[in-house]
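Q: Could you take a close look at the interior of this protein, and at the aromatic rings found there? I would like a connected account rather than a list.

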Amino acid sequence: MDTDKKVSLACAVLTVSNSRSAGDDTSGNILVHGLAQAGHQCVRRDIVGHDRYAIRRILSEWIADPEVQVIMTNGGTGFAERDCTPEAVRVLFDREIDGFGELFRQISYTEIGSSALQSRAIAGYANNTVIFCIPGSNDACQTAWDGIIREQLDSDHKPCNFAAPLRRRNTEE
């Protein structure tokens, strides 16, 4: 494989919301647009309510799907009673990417001040699939994409990125 060629990843976007539909999923659209602009494909997309077992069912299917390399969820990461995305997803991780939530909150702090501490954004690996769970607001999705995820899915980003291990996974199959 040509290692100088930019890696295009197969991605999935899951919006966690009780009120959004395919027609008004603006935060999901931001992520899908960012993926397309970066040369990646959105191969799966869905919307699910705030139900930890429904979230786990969809993510488990995507994690087991060899076509899906990256999953981004948006929504359900706050402190409202219904918010359960971290609890739904964390148990599926083989390894957590601790720095993602820390960095997201640091970047968010410059935008929204101390309200950033209420973000429970997390990320991890499951079955060699990288998973990012971010808040569902349009601004939070844009912040996560622009400030962290875009670079980490870019095979040219140095000194390291998540695209390189995913590229190796593709060449081993």
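A: A residue is called buried here when its relative accessible area is under 20%. The model is a predicted one, and by that cut-off Phe100 counts as buried, because its relative accessibility is 3%. Phe132 is buried as well, with a relative accessible area of 1%.

These two residues belong to the largest nonpolar core, which has 29 residues, and together with Val70, Met72 and Ile149 they are the members that touch the most others. The elements that give two or more residues to this core are strands E1 (10-16), E3 (70-74), E5 (122-126) and E6 (129-134), along with helices H1 (26-37), H4 (98-112), H5 and H6 (163-172). Helix H5 provides the largest share, namely six residues. In soluble globular proteins, nonpolar side chains tend to be buried together.

Phe132 is a useful place from which to follow the contacts. Leaving aside residues up to four places away in sequence, Phe132 touches Val70, Ile71, Met72 and Thr73, then Phe100, Ile122 and Ala123, and finally Ile149, Leu153 and Phe162.

The structure holds four aromatic pairs. In one of them, Phe100 and Phe132 are tilted, with 5.2 Å from centre to centre and 55 degrees between the planes. This pair links distant parts of the chain, since Phe100 lies in helix H4 and Phe132 in strand E6, 32 residues apart. The rings of Phe132 and Phe162 also pair, with centres 6.1 Å apart and planes at 70 degrees, so this pair is edge-to-face. Here, too, distant parts of the chain are linked: Phe132 is in strand E6, whereas Phe162 is in the loop between H5 and H6, 30 residues apart. Phe162 counts as buried, because its relative accessibility is 14%. Ring pairs join Phe100, Phe132 and Phe162 with Phe104 and Tyr125 into a cluster. Tyr125 has a charged neighbour besides, for Arg95 lies over the face of its ring, at 5.1 Å from the ring centre. Elsewhere, the charged end of Arg120 sits over the ring of Phe79, 5.5 Å from its centre.

Helix H5 deserves a closer description. At 1.5 Å a residue, its 15 residues (138-152) should span 21 Å, and the C-alpha atoms at its ends are 20 Å apart, which agrees. The helix nevertheless bends by about 45 degrees at Trp145. Trp145 is itself one of the buried residues of H5, the others being Ala140, Cys141, Thr143, Ala144, Ile148, Ile149 and Gln152. An α-helix has 3.6 residues a turn, so residues three or four places apart point the same way.

A second tryptophan, Trp62, is found in helix H2 (residues 52-64). Trp62 is buried, with a relative accessible area of 7%. Not counting residues up to four places away in sequence, Trp62 touches Ala12, Val13 and Leu14, the run Arg44, Arg45 and Asp46, and also Val68 and Ile71. The C-alpha atoms of Trp62 and Cys11 are separated by 9.5 Å, although these residues are 51 residues apart along the chain.

Methods
Residues numbered from 1 in each chain as written. Predicted model: local features only at pLDDT ≥ 70, side-chain atom pairs only at ≥ 80, totals over all residues. Heavy atoms only, no water. Helix = DSSP H or I, 4+ residues; strand = E, 2+ residues; numbered from the N terminus. Expected span 1.5 Å × (residues − 1). Bend = angle between axes of the 7 residues up to and from the residue. Buried < 20%, exposed > 50% of the residue type's maximum accessible area, 1.4 Å probe, protein only. Core = buried A, V, L, I, M, F, W, Y, C linked by side-chain atoms within 4.5 Å. Contact = heavy atoms within 4.5 Å. Phe/Tyr/Trp six-rings, centres within 6.5 Å; stacked < 30°, edge-to-face > 60°. Lys NZ or Arg CZ within 6 Å of the ring centre and 35° of its normal.
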